[in-house]
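User: Please take a close look at one part of this model. Then show how that part links to what lies around it.

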Protein chains: 2
Amino acid sequence: MPILFTNVTAVTMDPVAPVLKNAFVAVEGTKIASMGTERPAGEFERVIDCTGKVMMPGFVNAHTHVPMALMRGYGGGCDLHTWLNDYIFPAEAKLDGRCVAAGAALGLAEMIASGTTCIADMYMHTETIAQTVLEAGVSANLSCGAVYFGAPEDFSPETCNDCGNHIRLYENWHNAGDGQIKVDASIHAEYTSCPPVWEWVANFARAHGLGMHVHVSETHSEHEKCIDKYGETPAQLLDRYGVWANGGIAAHCVYLSGGDAQLLAQRGVTAVHNPVSNLKLMSGVAPLFFLRDCGVSVALGTDGVASNNSHNMFEEMKVAALVQNYSFGEDHGQLSAADILAMATVNGARALGRDAGVIAPGKIADLILVDFTAPNLFPCHDIMENLVYSAAPSNVVMNMARGKIIYENGTFLTLDLEKIRAEVEHYALPHIFG
Amino acid sequence: MPILFTNVTAVTMDPVAPVLKNAFVAVEGTKIASMGTERPAGEFERVIDCTGKVMMPGFVNAHTHVPMALMRGYGGGCDLHTWLNDYIFPAEAKLDGRCVAAGAALGLAEMIASGTTCIADMYMHTETIAQTVLEAGVSANLSCGAVYFGAPEDFSPETCNDCGNHIRLYENWHNAGDGQIKVDASIHAEYTSCPPVWEWVANFARAHGLGMHVHVSETHSEHEKCIDKYGETPAQLLDRYGVWANGGIAAHCVYLSGGDAQLLAQRGVTAVHNPVSNLKLMSGVAPLFFLRDCGVSVALGTDGVASNNSHNMFEEMKVAALVQNYSFGEDHGQLSAADILAMATVNGARALGRDAGVIAPGKIADLILVDFTAPNLFPCHDIMENLVYSAAPSNVVMNMARGKIIYENGTFLTLDLEKIRAEVEHYALPHIFG
């Protein structure tokens, strides 16, 4: 039986009618069934009065490593090199599937409570993450980020763990939950693998029609070392091996040069901006105006909690807007609140091959309600301005993912927070940190 | 009767014992009576178990314009000039005392719910703000920011409105509420007044032993125009008229030159950093490492909501850390989470002449409890890192100002939020925005 939202004020992300008022929105199954100022006929399982609230598409966190919630603030204050080598890599070496499941559930709880309905994740023990996501109810594009440190001439798909991981993940999980889970092909990054891996992953994606998820030019040194080693930038080098044949996600894109942006635009690759993580690790600020001028679609992500240290897409929007407009706005005009909201919703959905991120009939019902009577969102002179610059996770009073309410008024309906906390505290933390 | 907090984990901001565990903290009257690992003798009105929570000093928002909550997001997306002239100034021209009271109450509600216990405010209708603050329960240094656009030779204290405002504010409100309200002398900024005003305000402060609150070098053009006009920077020019004789607050300090920082250090003036507002208005990033190296104490503020667009000191801390460390950290080493917390608490308290901002016996009991079991604050590898980079307003489960609990588990105990909302909606907004 369908659900009806009444007295809806909505930020639709539909450029034709970006703000809708006094409307009815009906949801049936996983989709938005109807939308308009007339009450639709029929019976409803539930009627939800949205007076005082604003509906918007759920956030798409387009680049994250959700189990890293276990490492929140771990090694904070160190430089990138020390942080990775002395803290993160040793901790990750101790992870098992049970730790990853606990960390994924914890990260998803934070995401769901702050309005995220869809993620693109890259991490190890990916099948465990898939199971956790399936139960939590959000949509996810999952990938295992191929890493290979052997000699290129020794590479074979049979001996490379991450080739096997790709195959199992695809066979067991692609389109699971009626499309709730999608599997992306994935290369962790240019500097953690080599040409035969890129070729294999590109062919795997092409053979199965999969998306692609790669870390691209996150730091200056990574970008320059690639040029020194191969005579090409990471984006262009990977392209020669067919990595971008199906488009995909290039995470970070802080340093681009020599036609990189034009190439990404041409291949339909989305650049995922992670401003908080890039600032925290002192990596830099991705050039969003330049990307836009080159025709590259930009989405937003939090990256892992270990370098953020949260999964708060409201904060990601605000920091993205503040830093970009301050750094480059004088020459380019400011990014508007609508631009930023598009990065956090519809642009990410499109990058992940999801018919979501827009409130319109036929779209996937990934919807959140934000309480605009809260003292930090009142008064409202401009809905989009308030969403980008004033809203906070606690203003999210409902999260509906794929037509199902998974969080409402502080209560998780698919996750058992007490159980998650106990599992993190009594199993995962002792197992990893001793 | 005193209140006892048990099982306390506290970030004390006392350099000797910055983190306290398994402790008892007793509060009597407006002060912290005792603190230690032994349960104090005596009877208590209430015993509050702090298991799973972290106690820290309440935030000191050291530069704000609290009634501007009414203008949240108003004129967003415009450049500074258009924003001020086409939006803010016309709106402010329509303010009356009743609007200001409603806006102040609304702003205070947001501040209290997000853990602020003390503010330094500069705005018009200041006596109305004082009454609102007194009822709300936080401490406040209030000032009316002298503005004078007449010819210097026409100035007289009798005809300059803001001289009269200074006198009335001082006579009626200084030390009201047993010191809850303090009155600061105040010049809005160098560019909105002239030498005889500065001299009068400086003398007024000296005569009554008041603090000083001035906007200093917020924008590059303001700083340069002052040098063109007077041959000196704003900080040094004002010093010649005795403005810094009692120390005080220099808000913003984005552009400093030619010995400004050394002068501020010598005079004991605190620079108040407002990173979100400075980024939103594209003004710049204050050089915190340079200020620190020159011996200037730095505090944090949100500025007005119209240019922020919130009163969220957690966000202010995170943005301050991210932007400063990214912009200048490579050459200076990073600002630590402890440095940032000091800016948000004890440094502000000291600047405002408040014996608060530190959890220690005898200090004013301005204390907040932060729920560390929330999914965005769990697990905790480092308490200070979690407070600066992961915590959000909704994690504040208790706000105690001057020994009195004014907010607990989402409930305001001194403010009537429904009444405030109604007053804003039915009186202030129609009155100002038509």
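Analyst: Here is one helix, followed outward through its neighbours.

Two notes come first. This is a predicted model: local features need pLDDT of at least 70, side-chain atom pairs count only at pLDDT 80 or more, and totals for chains, interfaces and linings use all residues. Residues are numbered from 1 along each chain as its sequence is written, while chains are lettered from A and ligands numbered from 1 in the order in which they are written.

Start at α3 of chain B, which covers residues 126-136 (helices, H or I, of at least four residues, and strands, E, of at least two, are DSSP runs numbered from the N terminus). What follows the helix? Next comes B:Gly137, and its phi is positive, near 105°.

Which residues of α3(B) are buried? B:Thr126, B:Thr128, B:Ile129 and B:Ala130 are buried, and so are B:Thr132, B:Val133 and B:Ala136 (buried: 20 or more other C-beta atoms, placed from the backbone, within 10 Å; exposed: 12 or fewer; partly exposed: in between). Now look at what lies over them. The cover includes the helices α2 and α4 of chain B. It also includes the strands β7 (116-122), β8 (139-143), β9 (181-183) and β17 (404-408) of chain B.

Take α4(B), residues 161-173. The axes of α3(B) and α4(B) come within 10 Å and cross at roughly 25° (axes are lines fitted to C-alpha atoms, for helices over the stretch in contact, with angles from 0 to 180 degrees between N-to-C directions). The crossing angle is why α3(B) counts as roughly parallel to α4(B) (under 35 degrees; over 145 is roughly antiparallel, 65 to 115 roughly perpendicular, the rest oblique).

Which residues meet there? From α3(B) come B:Thr126, B:Glu127 and B:Ala130. From α4(B) come B:Asn165, B:Arg168, B:Leu169, B:Asn172 and B:Trp173 (contact: C-beta atoms, placed from the backbone, within 7 Å). B:Thr126 and B:Ala130 are thus in this contact and are buried too. By class, the contact holds three nonpolar, three polar and two charged residues (Ala, Val, Leu, Ile, Met, Phe, Trp, Tyr, Cys and Pro are nonpolar; Asp, Glu, Lys and Arg are charged; the others, Gly among them, are polar).

Move on to α2(B), which helps cover the buried residues of α3(B). α2(B) packs with α15(B), at an angle of about 135° and with the axes 9 Å apart. That angle makes α2(B) oblique to α15(B).

On the α2(B) side, the residues are B:Arg98, B:Cys99, B:Ala102, B:Gly103, B:Ala105, B:Leu106 and B:Ala109. On the α15(B) side, they are B:Leu417, B:Ile420, B:Glu423, B:Val424, B:Tyr427, B:Ala428, B:His431 and B:Ile432. This contact has 11 nonpolar residues, with two polar and two charged.

The trail now reaches chain A. Chains A and B meet through 46 residues from chain A and 46 residues from chain B. Which helices of chain B supply at least two residues each? They are α2 (97-113), α9 (275-280), α11 (313-332), α14 (383-389) and α15 (417-433). α2(B) and α15(B), the oblique pair, are both on that list. The most comes from α11(B), with eight residues. The side of chain B that touches chain A divides into 22 nonpolar, 16 polar and eight charged residues.

In short, α2(B) helps cover the buried residues of α3(B), packs with α15(B), and supplies residues to the side that touches chain A.

Key. Contact = placed C-beta atoms within 7 Å.
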